[in-house]
Amino acid sequence: MTGYMILADGRELKLPQLARWKTCHTSGEPCDCFELQCPIDGTFDELLETAVRFRGEHNGQTVFFGIPDEMSFSYGDDGIAFFASGRGLAALLMDNQFGEAEYPSITFDELCRTYAEPFGIEYDTGMFGKAAAAMEVTATSSCWKVITDFTKAVFAAIPRFTPEGKMVLTDKNTGHLVVTEATGAMLTLKRYGVISQLYINGRGSIYNQDALSRGIECQKVVPTTSTTYMYQMNEAKKGYFTLTVTLPKAFRAFPGDSVSLAGKMFSGQYIVDEAESSGGPGGSFCTLTLKKGEK
């Protein structure tokens with residue numbers, strides 16, 4: 001990966017060849033993140049103090065866009081080593097608040113214009129933009145909480161960010177990866193915390209049949225006023241099965257892409273939930289966290 005720092009005055013500064021780096025793209029939460037290390041000379045350190053954005057590029061394509069949260073400079077006999085770490089653009093929404101507000105009815109488009117656009121965040125609401133709902137925003141709500149409260153209630157989902165830094169709601173991409181061999185794989189079957197039944201107080205229950213068939217007993221009660229119970233159940237259905245595969249070469253897939261695994265073990269169709277790519281002296285790798293699913 002090639003790294004670029006965008007300075008406060010708008011200039012883009014290409015970093016020297018990265019000695020080590022790692023990026024992580026998620027399905028919305030926790031926030032995307034990056035870290036890197038590279039050698040620099042004395043002309044760089046003062047400029048880098050004004051860095052406000054980081055962009056990672058691989059094979060001519062932007063593969064990460066975010067904000068540098070922390071930068072450090074290590075001075076030694078071998079010169080100056082530069083370290084940086086940060087988060088994706090969702091961090092701008094998590095770090096900012098707008099105060100109290102009440103909306104008898106607001107569309108998803110209007111919500112994004114109010115709570116995302118002021119921070120320069122591009123978004124694609126697609127077919128979901130005209131969906132509307134009433135909303136009440138508390139004084140301590142972050143912009144991210146406002147947006148995700150709306151999407152959990154209306155769409156039973158939360159937004160994620162593309163590698164280029166655009167906020168989208170759909171949980172699937174057009175990308176498809178066929179894997180015939182991996183350098184490592186681990187299957188995790190998680191029972192703890194997987195909800196088998198949600199009881200909506202006074203209105204009845206909804207069930208996670210997959211969990212019940214596995215003998216999981218975890219009933220949760222939500223108030224009648226809850227608007228996010230379908231999101232809770234959707235997350236519960238994804239929680240039991242997690243397959244992690246490590247592949248040679250970076251940026252093989254991103255969240256939302258479909259993956260076909262061939263071979264004797266774990267063959268089937270999956271959806272990428274999280275993608276971590278890294279590089280260093282030992283080469284570059286991509287570790288994908290997969291959930292069961294079909295395109």
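1. Let's start with N208 and its neighbours in this predicted model. Leaving aside residues up to four places away in sequence, N208 touches V194, I195, S196, M233, A236 and K237. The residue is found in the loop between strand 16 (204-207) and helix 5 (209-213). Is N208 buried or exposed? With a relative accessible area of 3%, N208 is buried, because the cut-off for that class is under 20%. Its side chain also has a partner worth a look on your screen: the side chain of N208 reaches the backbone oxygen of I195 at 3.1 Å.

2. Two of the residues touched by N208, M233 and A236, lead on to helix 6. The buried residues of helix 6 (residues 229-239) are Y229, Y231, M233, A236 and G239. What covers them? The cover includes helix 4, strand 15 (197-200), strand 16, strand 17 (219-222), strand 18 (241-248) and strand 21 (283-292).

3. Helix 4 deserves a point of its own. Helix 3 (residues 108-115) and helix 4 (residues 143-155) pack with their axes 10 Å apart, at an angle of about 170°. The two are therefore roughly antiparallel, since angles over 145 degrees count as such. On the helix 3 side the contact is made by F108, L111 and Y115, and on the helix 4 side by C143, V146, I147, F150, T151 and F155. By class, this contact has 8 nonpolar residues, 1 polar residue and no charged ones.

4. Some of those names come back when you look at the rings. Ring pairs link F108, F128, F150 and F155 into a cluster. Of these, F108 belongs to the helix 3 side of the contact just described, while F150 and F155 belong to the helix 4 side.

5. How many aromatic pairs are there by the distance rule used here? The count comes to 13. One of them is F34 with F54, a stacked pair at 4.3 Å centre to centre and 15° between the planes. This pair links distant parts of the chain: F34 sits in strand 4 (residues 33-40) and F54 in strand 5 (residues 51-58), 20 residues apart. Both partners are buried, F34 with a relative accessible area of 3% and F54 with one of 0%.

6. A further stacked pair is formed by F251 and F254, with 6.2 Å centre to centre and 20° between the planes. F251 is buried at a relative accessible area of 11%, and F254, at 16% relative accessibility, counts as buried too.

Technical notes:
Residues are numbered from 1 along each chain as its sequence is written. This is a predicted model: local features need pLDDT of at least 70, side-chain atom pairs count only at pLDDT 80 or more; totals for chains, interfaces and linings use all residues. Side-chain values use heavy atoms; hydrogens and water are left out. Axes are lines fitted to C-alpha atoms, for helices over the stretch in contact, and angles run from 0 to 180 degrees between N-to-C directions. Helices (H or I, at least four residues) and strands (E, at least two) are DSSP runs, numbered from the N terminus. Angles under 35 degrees count as roughly parallel, over 145 as roughly antiparallel, 65 to 115 as roughly perpendicular and the rest as oblique. Contact means heavy atoms within 4.5 Å. Ala, Val, Leu, Ile, Met, Phe, Trp, Tyr, Cys and Pro count as nonpolar, Asp, Glu, Lys and Arg as charged, and the others, Gly among them, as polar. Buried means under 20% relative accessible area, exposed over 50%, partly exposed in between (1.4 Å probe, protein chains only). A polar contact is a pair of N or O atoms within 3.5 Å; within protein, one must be able to donate a hydrogen and the other to accept it, and residues adjacent in sequence count only if both atoms are side-chain atoms. Rings of Phe, Tyr and Trp (its six-membered ring) pair if their centres lie within 6.5 Å; planes under 30 degrees apart count as stacked, over 60 as edge-to-face and the rest as tilted.
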